[in-house]
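Q: Could you take a close look at one part of this model for me, the sheet and the helices packed on it? I'd like the cut-offs spelled out as you go.

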Amino acid sequence: MAINDALTDVAGLRVGHARVTGARALTGTTVVLAPQGGVVAAVDVRGGGPATRETDALDPRNIVQRIDAIVLTGGSAYGLDAASGVMAWLEERRRGVRVGPDPSQVVPVVPAAGVFDLGRGGDWRIRPDAETGRAAVEAAAFTASGAPVAEGSVGAGTGALVGPLKGGVGTASTVVESGVTVAALVVANAAGSAVDPLTGALYGRYFSGRTEYPKPEVHVAAQLRLAELRERNTPAPLNTTLAVVATDAELSRAQAQKLAGTAHDGIARAVRPVHLLNDGDTVFALSTGRRPLAEGDPLALNELLAAGADVVTRAIVRAVEAAKSVRGPGGTFPSYNELYGLD
């Protein structure tokens with residue numbers, strides 16, 4: 001059974017968050033740090049406006065076999081500079097692709113993806129940088145193995161929105177029948193909505209077996225308030241949902257890419273619509289390879305594919321429910337729990 005219901009239930013993975021400071025700042029970075037020796041990784045990008053770095057290195061046809069960290073960041077393409085701080089930290093520890101005779105001659109491959117949150121704190125020019133990335137990877141490195149993961153308005157989810165509501169970071173995990181752990185960490189920052197406009201229930205709850213329906217009068221009041229806020233807030237032109245799906249199963253790079261692809265189904269269950277031209281929806285898949293898949297069974301991957309989509313859906317629900325309302329120079333962004341009186 002999963003211990004923390006978090007990405008860190010995949011043994012060896014650590015998560016760290018860092019937030020950009022300042023009265024008009026609402027952005028940050030999250031780093032997933034692999035164990036020594038790295039992990040097999042893949043990616044699947046389906047949004048029409050992605051901000052990514054080093055994703056081509058994960059193509060199974062290319063040379064990189066393992067990576068040491070994944071960076072999820074605010075700041076759109078500007079925020080990808082956070083990966084430079086993570087690279088420097090890894091280089092200092094001689095972690096990366098060996099490119100010379102000296103052990104210090106390495107090139108860390110650090111895939112990264114950014115969400116659009118520019119200006120949400122009130123200052124367009126505030127965004128994560130290399131210093132933010134270093135702070136996030138250090139936070140990850142200093143946590144104990146298997147530590148709980150902070151959720152809500154933290155790290156790359158600091159300035160996240162899901163439709164008009166505050167978004168954030170969420171995580172979830174499960175242990176499938178074979179004993180393999182599958183987990184996800186999501187930065188929910190979607191152009192679409194996580195809330196069914198007919199009932200006020202979170203879309204992702206429909207797949208959990210525990211659907212909670214707000215009282216009709218509460219839902220009507222929430223819809224009226226959101227309509228008022230749409231007139232006052234400046235709409236965000238771009239968004240993006242990011243996810244890292246991980247397992248302790250031993251996967252090839254091609255199998256990991258399949259896992260990344262099917263995990264997008266989890267986003268589609270929890271947010272509608274998804275994969276728009278103003279989204280940059282990106283899913284990374286990681287394999288620590290500590291448990292072999294069933295030998296001789298060509299369909300052994302199927303239970304992982306199903307579980308990957310499920311944990312992504314649950315992670316988005318948790319991100320929305322853990323988010324905190326924001327009122328500031330950049331706008332008023334209520335949380336789902338505040339809007340529906342659940343705080």
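A: Start with helix α1 (residues 82–92), which lies across β2 (28–33), β4, β5 and β8 and runs at about 155° to β5. Angles here go from 0 to 180 degrees between N-to-C directions, with axes fitted as lines to C-alpha atoms, for helices over the stretch in contact; contact means heavy atoms within 4.5 Å. Helices (H or I, at least four residues) and strands (E, at least two) are DSSP runs, numbered from the N terminus. Helix α2 (residues 130–141) also packs on the sheet, where α2 touches β1 and β2, and its direction makes about 145° with that of β1.

A word on provenance: this is a predicted model, local features need pLDDT of at least 70, side-chain atom pairs count only at pLDDT 80 or more, and totals for chains, interfaces and linings use all residues. Residues are numbered from 1 along each chain as its sequence is written, and side-chain values use heavy atoms, with hydrogens and water left out.

Now the sheet itself. It's an open one with mixed pairing, built from five strands in the order β1-β2-β5-β8-β4; two strands pair if DSSP finds at least two bridges between them. At the edges sit β1 (14–19) and β4 (51–53), each pairing on one side only. From one strand to the next, the twist averages 15°. Zoom in on β5 (residues 69–73) and β8 (residues 112–114), and you'll find a parallel pairing over three bridges, with Val71 opposite Ala112 in β8.

What about the nonpolar cores, meaning sets of buried Ala, Val, Leu, Ile, Met, Phe, Trp, Tyr and Cys residues joined through side-chain atoms within 4.5 Å? Buried means under 20% relative accessible area, exposed over 50%, and partly exposed in between (1.4 Å probe, protein chains only). The largest core has 47 residues, and Val182, Val245, Leu304, Val312 and Ile316 touch the most other members. Its largest share, ten residues, comes from α5. Take Val312: leaving aside neighbours within four places in sequence, its contacts are Ala184, Val186, Val245, Ala263, Gly266 and Ile267. There's also a second, separate core of 31 residues, including Leu13, Val43, Leu58 and Leu72.

One polar residue to finish: Asn189, in the loop between β12 and α3, counts as buried because its relative accessible area is 0%. A polar atom of the Asn189 side chain lies 2.7 Å from the backbone nitrogen of Leu161. Not counting residues up to four places away in sequence, Asn189 touches several others, among them Val115, Phe116, Arg120 and Asn239.

Notes
Polar contact = N/O pair within 3.5 Å; in protein donor to acceptor, adjacent residues only side chain to side chain.
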